[in-house]
Amino acid sequence: MAGLSPRLTLAAFPGAARLCLWRSGAARWKGVPERNRRGLSDFRPKLAPSEGFKVLPPGVSKSRPESKRYILSPDLAETMVPFLLRNDGCDLILEINPGPGILTSALLQRGARVIALESDKTFIPHLESLGKKLGGKLHVLHCDFFKLDPRSFGVIKPVVNSKLLFQKFGIETLPWSKGIPLKVVGIFPTKNEKKMIWKVLHDIYSCTSIYRYGRVELNFFFNELESQRMMANPLNPNLYYALSVLWQVAYDVKLLHTEPWSSFDMCSQRGQREKPESKESLEQQTQQNLCLIQLTPHKDLFSQHLTSVNYDVFFHMTKQCFLKRHGKLIDHITSLSPIDAMDILKKIRQDKTIKIIDMYPSDFKCLFETIECSKDHTCKWLYDDFMEDVIV
């Protein structure tokens with residue numbers, strides 16, 4: 001159909017005005033080769049080479065060097081170790097941007113096996129030397145974890161993908177219902193934070209990137225506000241958003257530790273220590289906290305009706321609901337699905353007066369699965385322009 005991407009053309013039917021009908025996941029992917037059914041990136045339109053882009057003159061920087069924070073406190077490192085090594089059968093740690101290796105040393109001394117992915121070449125020689133001193137249980141690779149398996153096109157350096165990374169270090173796949181194959185620890189970047197968050201969520205729901213290998217546990221320092229939003233529910237409505245639902249449906253979200261920003265050193269990409277731009281910015285930073293959040297994927301994330309194929313519709317449903325967060329659920333159902341709204345409410349045991357802001361994350365998953373499993377309707381969902389915003 002003209003004007004729709006190939007992915008949407010598979011599912012769209014002609015309809016009145018700007019509305020189309022979406023079939024169930026299986027019907028939408030009919031005729032698509034099985035190897036292409038797991039991720040959405042296979043169906044993204046490709047840009048024509050260099051079309052519409054200008055080459056910057058020599059000497060003109062495309063962007064200022066990205067600043068990163070590093071753990072410099074041995075006390076903080078010692079606090080973190082018990083959270084990561086819990087006698088749960090997984091002692092393999094993927095440490096992101098370890099910098100001077102304070103946490104790295106603490107983990108190795110407790111018997112962990114550590115793979116250090118460092119994006120700043122300045123720290124590589126020191127980390128390699130540290131590995132030799134501490135029994136060879138440390139492997140160091142020049143790599144930016146947050147640019148691993150990019151969904152966008154183009155050359156990204158240092159170039160690496162999860163398949164080559166896991167093969168290189170002999171990391172084996174574990175079934176989703178089994179244990180944790182490895183744990184990731186680091187500081188979540190503040191630059192492009194929302195894009196990085198959406199990429200992590202797309203990766204887990206589509207079982208791509210690191211999640212091809214099982215329920216990889218994440219342990220990241222986030223800023224305090226984002227941490228509160230991740231854990232929010234109807235009890236704290238001012239912080240409760242679509243992302244809160246998507247995080248909590250996918251992961252068991254736990255706050256492990258809170259640490260002042262002043263405990264972390266900031267360095268530029270060249271390894272140089274950065275000074276705050278003003279006294280005010282320094283005072284603002286020292287009053288803020290970074291929160292260590294543990295994200296353990298739920299064993300029961302996927303079901304017969306929520307899968308790595310149709311998760312994009314779940315994203316759309318949740319985002320649409322929170323566009324009018326104080327609206328009634330029954331009104332949202334009417335705009336999202338042709339199925340009788342009262343019948344859906346009866347099946348999920350909700351009153352017709354319930355509002356979106358009063359629903360817990362598990363309620364949204366139940367709502368989606370109830371609509372998906374409806375046997376009386378071939379077409380389950382209404383499509384409009386917002387569906388194109390699913391891929392970020």
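Let me start with Asp144, which lies in the loop between β5 (138–142) and α6 (162–168), and let me say at once that what we have in front of us is a predicted model. Asp144 is buried, because its relative accessible area is 7% and the cut-off for buried is under 20%. From that loop, a polar atom of the Asp144 side chain lies 3.0 Å from the backbone nitrogen of Phe146.

Asp144 also appears in a record: the UniProt annotation "binding site", which comes from an unreviewed entry, covers Ile71, Glu118 and Asp144. I would treat that with some care, since such annotations may be inferred rather than shown by experiment.

That brings me to Glu118, which is found in strand β4, residues 113–118. Is Glu118 buried or exposed? Glu118 counts as buried, because its relative accessibility is 0%. Leaving aside residues up to four places away in sequence, Glu118 touches a list of residues that includes Tyr70, Asn97, Pro98 and Gly99, and also Phe123, Ile124 and Leu127. Leu141, His142 and Cys143 are among the residues touched by Glu118 as well. The side chain of Glu118 also reaches the backbone nitrogen of Asp120, at 2.9 Å.

Finally, a word on cysteines. Cys321 counts as buried, because its relative accessibility is 1%, and Cys379 is buried too, with a relative accessible area of 15%. How many disulfides does the model have? With a disulfide taken as a pair of cysteine sulfur atoms within 2.5 Å, the count comes to zero.

Note on methods
Residues numbered from 1 in each chain as written. Predicted model: local features only at pLDDT ≥ 70, side-chain atom pairs only at ≥ 80, totals over all residues. Heavy atoms only, no water. Helix = DSSP H or I, 4+ residues; strand = E, 2+ residues; numbered from the N terminus. Buried < 20%, exposed > 50% of the residue type's maximum accessible area, 1.4 Å probe, protein only. Contact = heavy atoms within 4.5 Å. Polar contact = N/O pair within 3.5 Å; in protein donor to acceptor, adjacent residues only side chain to side chain.
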